[in-house]
Amino acid sequence: MDNKVDIESIDKRMQEKGWKFLGAILHFKKAWKNQAAIYEKDGKYVVSGLDSSGAAELHESIN
């Protein structure tokens with residue numbers, strides 16, 4: 001079983017959990033190559049993607 005983390009699997013999981021993809025964010029320093037995505041659910045927002053190491057998931061609440 002491959003445990004590799006990739007942006008496509010993160011996006012799929014987020015949307016399966018009811019999060020709506022709002023768009024890419026290209027200047028988030030905590031994300032791999034400063035690139036992540038913004039999601040919304042029930043009036044809450046998170047930045048999600050790969051962390052700056054490129055090996056783990058990033059999920060951070062934002063206002």
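The following exercises, each with a worked solution, concern a predicted model.

**Exercise 1.** Which residues make up the largest nonpolar core, and which elements give two or more residues to this core?

*Solution.* Begin with the membership: the largest nonpolar core has seven residues in all, namely Ile10, Met14, Trp19, Ala37, Tyr39, Val46 and Leu50. Next, assign the residues to elements: those that give two or more residues to this core are helix 1 (7–16), strand 2 (36–41) and strand 3 (44–50). Finally, look beyond this set, where another core of six residues lies apart from it, including Phe28, Ala36, Val47 and Leu58.

**Exercise 2.** Leaving aside neighbours within four places in sequence, with which residues is Trp19 in contact?

*Solution.* First set aside the neighbours within four places in sequence; Trp19 is then in contact with Met14, Tyr39, Glu40, Lys41, Lys44 and Val46. Then compare these partners with the membership of the largest nonpolar core, in which Met14, Tyr39 and Val46 are listed together with Trp19.

**Exercise 3.** Where do Lys33 and Asn34 lie, and are they exposed or partly exposed?

*Solution.* Start with the location: Lys33 lies in the loop between strand 1 (20–25) and strand 2, and Asn34 is found in the loop between strand 1 and strand 2 as well. Turn then to the backbone, where Lys33, although not a glycine, has a positive phi of about 50 degrees, while Asn34, also not a glycine, has a positive phi of about 60 degrees. The last step is accessibility: with a relative accessible area of 62%, Lys33 is exposed, whereas Asn34, with a relative accessible area of 34%, is partly exposed.

Conventions:
Residues numbered from 1 in each chain as written. Predicted model: local features only at pLDDT ≥ 70, side-chain atom pairs only at ≥ 80, totals over all residues. Heavy atoms only, no water. Core = buried A, V, L, I, M, F, W, Y, C linked by side-chain atoms within 4.5 Å. Buried < 20%, exposed > 50% of the residue type's maximum accessible area, 1.4 Å probe, protein only. Helix = DSSP H or I, 4+ residues; strand = E, 2+ residues; numbered from the N terminus. Contact = heavy atoms within 4.5 Å.
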